[in-house]
Amino acid sequence: MSKLSTEEVNLQIGRRLAAVRDRTRLVQTEFAERMGLSPRAYQNYERGEREVPAIVLKALYEVYGADPLWVLTGLSTDLKATTAADLDVLEEVVIALETRLKKTRRGLPPEKKARLIKLMFLYFRDKPRVDPEQLSEMLALTA
């Protein structure tokens, strides 16, 4: 691993690679082969064990339309980068917030609610799962 990356960054990139693959409904072997990669090399990228080279990002874009900026950072203006997993996280965050607000009989102005949803979504989007305890703690601090 170079000094330009960290294990955590490689894991996050790997999760985004898996999200792109999940969107295609392909197994790792077929997904990799369509880009001209060996399955083993691709598995190493998806597990975050190796840094993803620029040529792989180029192939991801050319073959699957994956936004390289989103793959690297999680940020994008490309709506194609939104995955079903992203929408699941967003749904879980919104439901938890609404449940919390109803339970505590509190309300939030729409702009604050939207900002909170955005922050929680961005926090949980690249995690392996939404941690209910962490989500509850975040809501307790804010809503």
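This tour moves from the whole chain to helix H2, its contact with helix H3, and a single arginine in helix H1.

**The whole chain**

Begin with the complete protein displayed as a cartoon, bearing in mind that the model is predicted. The protein contains eight helices and zero strands, and the pattern along the sequence therefore reads α-α-α-α-α-α-α-α. Orient the C-alpha trace along its principal axes, where the protein spans about 55 × 30 × 25 Å. Next, switch on the surface: about 9,000 Å² is exposed, and carbon and sulfur atoms supply 56% of that area. Of the 143 residues, 37% count as buried. If contacts are drawn between residues at least 6 apart in sequence, 56% of them join residues at least 24 apart.

**Helix H2 and its buried face**

Select residues 28–35, which form helix H2. Which residues of H2 are buried? They are Phe31, Ala32 and Met35. Look down the axis of H2: the buried residues fall within an arc of 95 degrees, so they line one face of the helix. Now add H1, H3 and helix H4 (54–64) to the display, as these are among the elements that cover the buried residues of H2. Before leaving this helix, select glycine 36, just after H2, which takes a positive phi of about 85 degrees.

**Where H2 meets H3**

Keep H2 in view and select helix H3, residues 39–46. The axes of the two helices come within 8 Å of one another and cross at roughly 110 degrees. Why is H2 described as roughly perpendicular to H3? The description applies because crossing angles of 65 to 115 degrees count as roughly perpendicular, and the H2–H3 angle of roughly 110 degrees is the one to compare with that range.

Show side chains at this contact. From H2, select Gln28, Thr29, Phe31, Ala32, Glu33 and Met35; from H3, select Pro39, Tyr42, Gln43 and Glu46, which they meet. The residues of this contact divide into five nonpolar, three polar and two charged. Phe31, Ala32 and Met35 appear here again, having already been noted as the buried residues of H2.

**Arginine 16 in helix H1**

Finally, move to helix H1 (residues 7–24) and select arginine 16. Is arginine 16 buried or exposed? Its relative accessible area is 2%, so arginine 16 is buried. Display the residues around arginine 16, leaving aside neighbours within four places in sequence: arginine 16 is in contact with Trp70, Val71, Leu72, Thr73 and Gly74, and also with Asp126.

Technical notes:
Residues numbered from 1 in each chain as written. Predicted model: local features only at pLDDT ≥ 70, side-chain atom pairs only at ≥ 80, totals over all residues. Heavy atoms only, no water. Axes fitted to C-alpha atoms, helices over the stretch in contact; angles between N-to-C directions. Helix = DSSP H or I, 4+ residues; strand = E, 2+ residues; numbered from the N terminus. Contact = heavy atoms within 4.5 Å. Nonpolar A, V, L, I, M, F, W, Y, C, P; charged D, E, K, R; others polar. Buried < 20%, exposed > 50% of the residue type's maximum accessible area, 1.4 Å probe, protein only. Areas by Shrake-Rupley, 256 points an atom, 1.4 Å probe, with all protein chains shown as cover. Arc of directions from axis to C-beta.
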